[in-house]
Amino acid sequence: MDKNNLALTSSEIGTLWGEYVNGTMTDVVNRYMVSIIDDEQIKAIFEEAIDIFERQKRQIVTFIEDEGFPVPIGFNESDLFKDKPRLFTDIFCLNYLHIMALHGLLGHSTALAVAVRKDLRDFYGSCDNDAKRMYNQTIDLLLEKGSFQRDPQFYPAENPEYVSSQDFTDGFFGKGRKLAATEIISISLNLKKSIMAKTLSIAFSQVAQTKEVRKFLTDSEKTADQQIKSFSKIMQTDNLPVPKSWETEVTTSTNSPFSDKLMLYHIGFLFQAAQNYHGAGLATAMRTDLVAAYEGTILKNLMITKKWFDIMVKNKWLEQPPLAPNRNEIAKEM
């Protein structure tokens, strides 16, 4: 059996579709950022990111077209308004690329996990390697520039121990224990992602062209801020530092470099992707206050994404992914 002649499964088509739409969205933002960046080191990484996606995009199109599916619309030059004033500082651009590289690692790993055909597995393995390289490059440069925010440091205990009290799960009344290193993983990551979502919401709300989109972006900024405060309070109660905010990395420009469609989709993407990380945090939380914080965050994100969905559909901005065949409708046509 030719492993490359197998018909692609629904899951494989779904990952290709998502990679194309989300990739073209990020590519438009990257192309704007590379046009405003002054720092040559940062600019070089963005140029590499653009070249990498251009190669990936061509391969994705080939996979989709060979299966007879229409190539998604995604995002393109019509969503980028050129020669607009700077909206972000160079260092924010670098932080943005770092966070999006993290999203890429998760997306490529998921796509690889459902891929069966060898050529598709090889492709996603290559994409994963590209994302790892970009992740490492952004960290190295952020460290070099003194702008990478490391997670809190713990001091080693003398010996390993077992949990010996039910107070281990108590996070409300002060009888329990401090945060575990395994819990810090998700808290810190979720804080950084919420800070990114809040900062982009602020920037996009300044330049959005319609009142409806501007209102949604303002609401999403408030939601992200509530989540930041919720998890920051838990960290600070244990005398642990929290990541700094990036609001000051947004300029006062009110001229939009992006279409409202792209900005709205981007924020929706961040809130939907965050659900994966909040779910992982909930699964590892062993303190009652953490469980409550994650449950509240997930619920609020669902409310935001419902509003996002309604606006996207109303404006005919939400592209429909490939659907399973409707057997009832097919039968009616006979």
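Mentor: Ala, Val, Leu, Ile, Met, Phe, Trp, Tyr, Cys and Pro count as nonpolar, Asp, Glu, Lys and Arg as charged, and the others as polar. Keep in mind that this model is predicted.

Trainee: What makes up the lining of the largest cavity, by class?

Mentor: Set against those classes, 7 residues are nonpolar, 6 polar and 1 charged. The volume of this cavity is about 110 Å³. Of its 14 lining residues, the closest to the centre are Lys 193, Ser 194, Ala 197, Leu 270 and Ala 274.

Trainee: Which helix gives the largest share of that lining?

Mentor: Helix 5, with 5 residues. At least two lining residues come from each of helix 3 (90-114), helix 5 (181-207), helix 6 (211-237) and helix 7 (260-284).

Trainee: What makes the lining of the second largest cavity nonpolar?

Mentor: Its residues are Ile 13, Trp 17, Ile 64, Phe 69, Pro 70, Pro 72 and Pro 322. Ile, Trp, Phe and Pro count as nonpolar. The tally is therefore 7 nonpolar, no polar and no charged. This cavity has a volume of about 40 Å³.

Trainee: How many cavities of 30 Å³ or more are there?

Mentor: The count is 2.

Trainee: Why is Met 303 called exposed?

Mentor: Exposed means over 50% relative accessible area. Met 303 has 51%, so the residue is exposed. Its place is in helix 8 (residues 288-314).

Trainee: Which residues form a nonpolar patch with Met 303 on the surface?

Mentor: Leu 299 and Leu 302. Together with Met 303 they have about 320 Å² of accessible area.

Methods
Residues numbered from 1 in each chain as written. Predicted model: local features only at pLDDT ≥ 70, side-chain atom pairs only at ≥ 80, totals over all residues. Heavy atoms only, no water. Patch = residues over 30% accessible without salt bridge, like charges linked within 9 Å, V, L, I, M, F, W, Y side chains within 5 Å. Areas by Shrake-Rupley, 256 points an atom, 1.4 Å probe, with all protein chains shown as cover. Salt bridge = Lys/Arg side-chain N within 4 Å of Asp/Glu carboxyl O. Helix = DSSP H or I, 4+ residues; strand = E, 2+ residues; numbered from the N terminus. Buried < 20%, exposed > 50% of the residue type's maximum accessible area, 1.4 Å probe, protein only. 1 Å grid on protein atoms, 1.4 Å probe; cavity = no way out; pocket = protein on both sides within 12 Å on 5 of 7 lines; lining within 4 Å. Points joined across faces, edges and corners; volume = space filled by probe spheres on them.
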